[in-house]
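Work through the exercises below with the sequence and the model open. Try each task before you read its solution.

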Amino acid sequence: MNGNTPYAGTPDVTQAGQRASADVVELSSEQTRALRDSVADIATLTRQFLPDEYVIGSQVTNGLTGPQATVSVQPPVGHIVSAGFEPDDDDLDDELIDAEERDEVARGLAASAVLQVKQAVEDQITPTAR
């Protein structure tokens with residue numbers, strides 16, 4: 001089974017337990033700043049769709065395969081919802097997260113956070129009519 005995992009190593013190329021250097025995406029400081037700005041824009045857009053009771057945060061970290069960006073929303077009740085993004089080599093040539101994608105992610109996060117609240121309080125509210 002070890003030969004079926006990406007960590008088994010490719011003979012004469014990669015040692016077992018190590019990743020190939022081609023798998024790791026490296027961003028320049030300018031690209032990292034652009035990624036942080038894009039993720040912060042998503043968080044700002046998400047805040048516009050939700051009331052102040054929702055806590056919204058974003059971060060950019062370095063994972064095993066390169067940079068990872070995450071935007072998370074903690075609703076007043078219910079589970080945290082988040083969206084993640086890992087740029088690959090194709091994304092490095094273009095804008096990392098374009099404006100249309102940022103808007104779509106923000107709307108999706110807001111809708112998911114509201115759904116979490118609805119599901120959390122659904123059984124606790126008595127309907128006024130049927």
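**Exercise 1.** Is T32 buried or exposed?

*Solution.* Start with the ground rules. This is a predicted model, in which local features need pLDDT of at least 70, side-chain atom pairs count only at pLDDT 80 or more, and totals for chains, interfaces and linings use all residues. Residues are numbered from 1 along each chain as its sequence is written, and side-chain values use heavy atoms, with hydrogens and water left out.

Next, the cut-offs. Buried means under 20% relative accessible area, exposed means over 50%, and partly exposed lies in between (1.4 Å probe, protein chains only). T32 has a relative accessible area of 19%, so T32 is buried.

Now place the residue. T32 sits in helix α1, residues 29-49. Its C-alpha atom is 9.9 Å from that of A69, which is 37 residues away along the chain.

**Exercise 2.** Describe the overall build of the protein.

*Solution.* Count the elements first. There are three helices and three strands. Helices (H or I, at least four residues) and strands (E, at least two) are DSSP runs, numbered from the N terminus. Their order from the N terminus is α-β-β-β-α-α.

Then take the totals. The protein has 130 residues, and 26% of them count as buried. About 9000 Å² is exposed, with carbon and sulfur atoms supplying 47% of that area. Accessible areas come from the Shrake-Rupley method with a 1.4 Å probe; for residues, only the protein chains shown count as cover.

Finish with contacts, meaning heavy atoms within 4.5 Å. Among contacts with a separation of 6 or more, 52% join residues 24 or more positions apart.

**Exercise 3.** Which residues does I56 touch, leaving out those up to four places away in sequence?

*Solution.* Locate I56 in strand β1, residues 55-63. Its relative accessible area is 10%, so I56 is buried. Its partners are A43, T46, R47, L50, V71, S72 and V73. Check one distance as well: the C-alpha atoms of I56 and P75 are 8.7 Å apart, with their positions 19 residues apart along the chain.

**Exercise 4.** Repeat the analysis for Q116.

*Solution.* Q116 belongs to helix α3. At a relative accessible area of 17%, Q116 is buried. Beyond its neighbours within four places in sequence, Q116 contacts P75, V77, G78, H79 and V81.

**Exercise 5.** How many salt bridges are there?

*Solution.* Apply the rule: a side-chain nitrogen of Lys or Arg within 4 Å of a carboxyl oxygen of Asp or Glu. The count is two.

- D41 and R102 form one of them, at 3.9 Å from N to O. D41 lies in helix α1 and R102 in helix α3, so the pair ties together parts 61 residues apart in sequence. D41 is partly exposed at 36%, whereas R102 is buried at 12%.
- D103 and R107 also meet in a salt bridge, at 3.0 Å from N to O. Both lie in helix α3, four residues apart, about one turn of the helix. D103 is partly exposed at 27%, and R107 is partly exposed at 47%.

**Exercise 6.** Which residues form a negative surface patch?

*Solution.* The patch consists of D98, E100, E101 and E104. Patch members have over 30% relative accessible area and no salt bridge, and like charges are joined within 9 Å. Asp and Glu count as negative. Test one member: D98 is partly exposed at 35% relative accessibility. D98 lies in the loop between α2 (89-93) and α3 (99-121).

Conventions
Patch = residues over 30% accessible without salt bridge, like charges linked within 9 Å, V, L, I, M, F, W, Y side chains within 5 Å. Charge placed at Lys NZ, Arg CZ, Asp CG, Glu CD.
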